[in-house]
Amino acid sequence: MRICVTRNREVLDLVESFTDSHAQTSWTRPAVASIFTGLLPQQHGTTDKKDVLPKSATTIAELLTDAGYESAAVISNGNVDLVYGFSQGFSYFKYLQEVEI
């Protein structure tokens with residue numbers, strides 16, 4: 001996972017390596033919700049196809065924003081699009097939709 005944030009125009013590139021990690025669920029939307037919030041799927045409630053990440057679930061992007069950082073998310077998986085609440089807290093959020101050639 002790669003996280004890049006800025007504070008006062010200084011770019012911090014935080015790169016973490018995980019040697020022993022486990023997913024909280026087998027599909028993208030609730031797994032990313034857990035990564036963004038630190039909550040289990042049963043706690044954030046984003047477990048079904050129509051579920052949206054609730055505004056009451058604080059994301060890491062919101063915590064960074066509150067601390068004076070700017071954050072950006074560029075995603076290519078529709079399961080974490082802004083319509084499902086995953087833009088919470090990000091200064092910039094862009095979904096790169098698939099394009100048919």
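Let's start with a charge and a ring: the charged end of Arg29 sits over the ring of Tyr84, 3.6 Å from the ring's centre. Keep in mind that this is a predicted model, so every number here is computed from predicted coordinates. Arg29 belongs to the buried residues of helix α1, and that helix is a good place to begin the tour.

First, though, the overall layout. The protein has three helices and four strands, and reading from the N terminus the order is β-β-α-α-α-β-β. Of its 101 residues, 28% are buried. The protein exposes about 7400 Å², with carbon and sulfur atoms supplying 51% of that area. As for how the chain folds back on itself, take the contacts between residues at least 6 apart in sequence: 34% of them join residues at least 24 apart.

Now back to α1. How many of its ten residues are buried? Eight of them are, so the helix is mostly covered. Besides Arg29, the buried residues of α1 include Pro30, Ala33, Ser34 and Phe36. Part of the cover comes from α2 and from α3 (60-66). Just after α1, Gly38 takes a positive phi of about 75°.

One spot where α1 and α2 meet involves Ser34 and His44. Ser34 is in helix α1, while His44 is in helix α2, which covers residues 41-44. What links their side chains? A polar contact does, at 3.0 Å. Both partners are buried: Ser34 has 8% relative accessibility, and His44 has a relative accessible area of 3%. The side chain of His44 also reaches the backbone oxygen of Pro30, at 3.4 Å. Leaving aside neighbours within four places in sequence, His44 is in contact with a list of residues that includes Ala33, Thr37, Leu53, Pro54 and Ala57. Ser34, counted in that way, touches Gln24, Leu39, Leu40, Pro41 and His44. Ala57 is 23 residues from Ser34 in sequence, and the two C-alpha atoms are 9.9 Å apart in space.

Some of those contacts of His44 lead into the largest nonpolar core. This core has twelve residues, among them Ala33, Leu53, Ala57, Phe36, Ile75 and Phe93. Helix α1 (28-37) and strand β3 (69-75) each supply at least two of its residues. Which element gives the most? It is α1, with three residues.

Phe36 is a handy residue to follow from here. Setting aside residues up to four places away in sequence, Phe36 touches Thr58, Thr59, Ile60, Phe86 and Phe90. Two of those names come back in an aromatic cluster made of Phe36, Phe86, Phe90 and Phe93.

Across the whole structure there are three aromatic pairs. One of them joins Phe90 and Phe93, with 6.1 Å centre to centre and 50° between the planes, a tilted arrangement. Are these two rings' residues buried or exposed? Phe90 has a relative accessible area of 18% and is buried, and Phe93, at 16%, is buried as well. Both values fall under the 20% cut-off, which is why these residues count as buried.

Methods:
Residues numbered from 1 in each chain as written. Predicted model: local features only at pLDDT ≥ 70, side-chain atom pairs only at ≥ 80, totals over all residues. Heavy atoms only, no water. Core = buried A, V, L, I, M, F, W, Y, C linked by side-chain atoms within 4.5 Å. Buried < 20%, exposed > 50% of the residue type's maximum accessible area, 1.4 Å probe, protein only. Contact = heavy atoms within 4.5 Å. Polar contact = N/O pair within 3.5 Å; in protein donor to acceptor, adjacent residues only side chain to side chain. Phe/Tyr/Trp six-rings, centres within 6.5 Å; stacked < 30°, edge-to-face > 60°. Lys NZ or Arg CZ within 6 Å of the ring centre and 35° of its normal. Areas by Shrake-Rupley, 256 points an atom, 1.4 Å probe, with all protein chains shown as cover.
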